[in-house]
Amino acid sequence: NNAMKILERKPASCPEMEEIMACPMNLAPVCGSDGKTYANECALCVEKQMTKQEILVVKEESCCDRLECS
């Protein structure tokens with residue numbers, strides 16, 4: 001029994017609209033498959049729309065821990 005739960009990549013739950021006008025200001029970091037940490041899932045969706053790339057949620061926290069981030 002593995003005690004650590006590994007989150008598999010999952011699509012962000014982005015609204016089905018051409019352009020997201022505003023995101024909530026809540027801080028709920030997610031790690032994108034592009035290696036970037038986004039403030040929340042909405043911010044990831046905005047980046048996904050702007051870059052036209054498929055960015056998945058790798059984990060529902062910052063991409064790196066405090067020891068790795070500078």
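# Why E41 and helix 1 get their labels

User: What makes the place of E41 part of a helix?
Analyst: E41 sits in helix 1, residues 41–51. Helices here are DSSP runs of H or I with at least four residues, strands are E runs of at least two, and both are numbered from the N terminus. By the way, this is a predicted model, where local features need pLDDT of at least 70, side-chain atom pairs count only at pLDDT 80 or more, and totals for chains, interfaces and linings use all residues. Residues are numbered from 1 along each chain as its sequence is written, and side-chain values use heavy atoms, with hydrogens and water left out.

User: Why is the pair of E41 and K10 called a salt bridge?
Analyst: The rule wants a side-chain nitrogen of Lys or Arg within 4 Å of a carboxyl oxygen of Asp or Glu. For E41 and K10 the N to O value is 3.9 Å, so the pair qualifies. E41 lies in helix 1 and K10 in strand 1, so the bridge ties together parts 31 residues apart in sequence.

User: Why does K10 count as partly exposed?
Analyst: Buried means under 20% relative accessible area, exposed over 50%, and partly exposed is in between (1.4 Å probe, protein chains only). K10 comes out at 25%, so partly exposed it is.

User: And what makes E54 exposed?
Analyst: Its relative accessible area is 51%, so E54 gets the exposed label. E54 also forms a salt bridge with K48, with the closest N and O atoms 3.5 Å apart.

User: How do you know that S13 and E41 make a polar contact?
Analyst: A polar contact is a pair of N or O atoms within 3.5 Å; within protein, one must be able to donate a hydrogen and the other to accept it, and residues adjacent in sequence count only if both atoms are side-chain atoms. The backbone nitrogen of S13 lies 2.6 Å from a polar atom of the E41 side chain, so the distance fits.

User: Which residues of helix 1 are buried, and how do you know that they share a side?
Analyst: They are E41, C42, L44, C45 and K48. These cover an arc of only 155° around the axis, which puts them on the same side of helix 1. The arc is taken from the directions from the helix axis to the C-beta atoms.

User: What covers these buried residues of helix 1?
Analyst: The cover includes strand 1 (10–11), strand 2 (30–32), strand 3 (37–38) and strand 4 (56–59).

Terms used. Contact means heavy atoms within 4.5 Å.
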